[in-house]
Amino acid sequence: MNHNNRCYPIERQGEIASKFIQEKYGKSKQFRWIKGRMIIPVGYVAYEYPKYKRREVNKYVRKYSDIENCISYDVMKYMMENAHLYPTLEMADNALSRYIAQKGKCAVTHNALSISDMVCVHIKPCKGERNDTYRNLIILSKEVSELVGATNPVKIGKLLKDLQLTEEMKDKINKLRKHRELEEIQFEDYIGTKK
């Protein structure tokens with residue numbers, strides 16, 4: 001309003017019409033009015049730094065202290081670089097997606113997985129035609145994977161000694177065994193298992 005030689009006088013007195021402006025800036029003595037329009041004092045404007053997550057805090061980190069809530073970058077990198085180890089590219093891609101969805105944990109025990117202790121298996125085994133879709137894959141620890149496919153009672157007993165399973169975990173294992181048309185494990189028959 002005050003350019004192009006229109007020069008209106010700057011006044012120190014005027015009316016504050018807005019309640020919001022009165023609440024935020026009403027205490028300031030720096031208010032000015034030009035031709036009845038109120039000019040908010042720049043020196044009285046308060047600002048806040050934007051609140052955001054630190055860049056180093058995200059779910060894809062190279063080094064992390066909170067293993068419970070992080071996905072290992074090293075495991076992801078290994079899975080991407082070694083896609084040739086999977087029977088199909090679709091399975092390699094969906095296994096990586098499944099690893100991220102499971103937050104880097106075993107689907108049964110919910111323990112964090114490392115490269116050496118991780119197996120991607122089919123929920124419903126392939127009979128004839130392959131089914132490498134995302135919905136048919138699950139990431140398990142090696143011990144749990146062996147337990148799901150085990151038929152020898154001695155081997156089942158050995159595996160159960162190392163695993164501390166809750167009722168929910170036992171149900172998941174038996175559901176996976178059912179898909180493989182294997183008998184359900186009667187956990188109470190094995191000594192030393194959690195009841």
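Is Val148 buried or exposed? In this predicted model, Val148 is buried, because its relative accessible area is 1% and buried residues have values under 20%. This report begins with the chain as a whole and then turns to two helix pairs and three individual residues.

## The chain as a whole

The chain contains six helices and seven strands. Read from the N terminus, these elements follow the order β-α-β-β-β-β-α-α-β-β-α-α-α. Of the 195 residues in the chain, 33% are buried. The surface that the chain exposes amounts to about 14,300 Å², and 50% of this area is supplied by carbon and sulfur atoms. Contacts can also be described by separation along the sequence. Among those between residues at least 6 apart in sequence, 50% join residues that are at least 24 apart.

## Helices H2 and H3

Helix H2 comprises residues 73-81, and helix H3 comprises residues 89-101. Their axes come within 10 Å and cross at roughly 170°. Angles over 145 degrees count as roughly antiparallel, and H2 and H3 are therefore roughly antiparallel to each other. On the H2 side, the residues that meet H3 are Val75, Met76, Met79 and Met80; their partners in H3 are Ala95, Leu96, Tyr99 and Ile100. By class, the residues of this contact are eight nonpolar, no polar and no charged.

## Helices H4 and H6

Helix H4 covers residues 142-149 and helix H6 covers residues 167-179. The two helices pack with their axes 8 Å apart, at an angle of about 50°. H4 and H6 are therefore oblique to each other. The crossing of H4 past H6 is right-handed. In this contact, H4 contributes Val144, Leu147, Val148 and Gly149, while H6 contributes Ile173, Leu176 and Arg177. The residues of the contact comprise five nonpolar, one polar and one charged.

## Three residues

The table lists the accessibility of three residues.

| Residue | Relative accessible area | Class |
|---|---|---|
| Val148 | 1% | buried |
| Asn94 | 12% | buried |
| Thr88 | 24% | partly exposed |

Val148 lies in helix H4. When neighbours within four places in sequence are left aside, Val148 is in contact with Leu140, Ile173, Leu176, Arg177, Arg180 and Leu182. Ile173, Leu176 and Arg177 also appear in the contact of H4 with H6 described above. In addition, the C-alpha atoms of Val148 and Ile185 are 9.2 Å apart in space, although 37 residues separate the two in sequence.

Asn94 belongs to helix H3. With residues up to four places away in sequence not counted, Asn94 touches Asp132, Thr133, Tyr134 and Leu137. The relative accessible area of 12% is under 20%, and Asn94 is therefore classed as buried.

Which residues does Thr88 contact, leaving aside its neighbours within four places in sequence? They are Arg130 and Asp132. Asp132 is also one of the residues that Asn94 touches. Thr88 is placed in the loop between H2 and H3. Between Thr88 and Arg130, which are 42 residues apart along the chain, the C-alpha atoms are separated by 9.4 Å. Thr88 is partly exposed because its relative accessible area, 24%, falls between the limits of 20% and 50%.

Methods
Residues are numbered from 1 along each chain as its sequence is written. This is a predicted model: local features need pLDDT of at least 70, side-chain atom pairs count only at pLDDT 80 or more; totals for chains, interfaces and linings use all residues. Side-chain values use heavy atoms; hydrogens and water are left out. Axes are lines fitted to C-alpha atoms, for helices over the stretch in contact, and angles run from 0 to 180 degrees between N-to-C directions. Helices (H or I, at least four residues) and strands (E, at least two) are DSSP runs, numbered from the N terminus. Angles under 35 degrees count as roughly parallel, over 145 as roughly antiparallel, 65 to 115 as roughly perpendicular and the rest as oblique. A crossing is left-handed if the near helix is turned anticlockwise from the far one by less than a right angle, and right-handed if clockwise. Contact means heavy atoms within 4.5 Å. Ala, Val, Leu, Ile, Met, Phe, Trp, Tyr, Cys and Pro count as nonpolar, Asp, Glu, Lys and Arg as charged, and the others, Gly among them, as polar. Buried means under 20% relative accessible area, exposed over 50%, partly exposed in between (1.4 Å probe, protein chains only). Accessible areas come from the Shrake-Rupley method with a 1.4 Å probe; for residues, only the protein chains shown count as cover.
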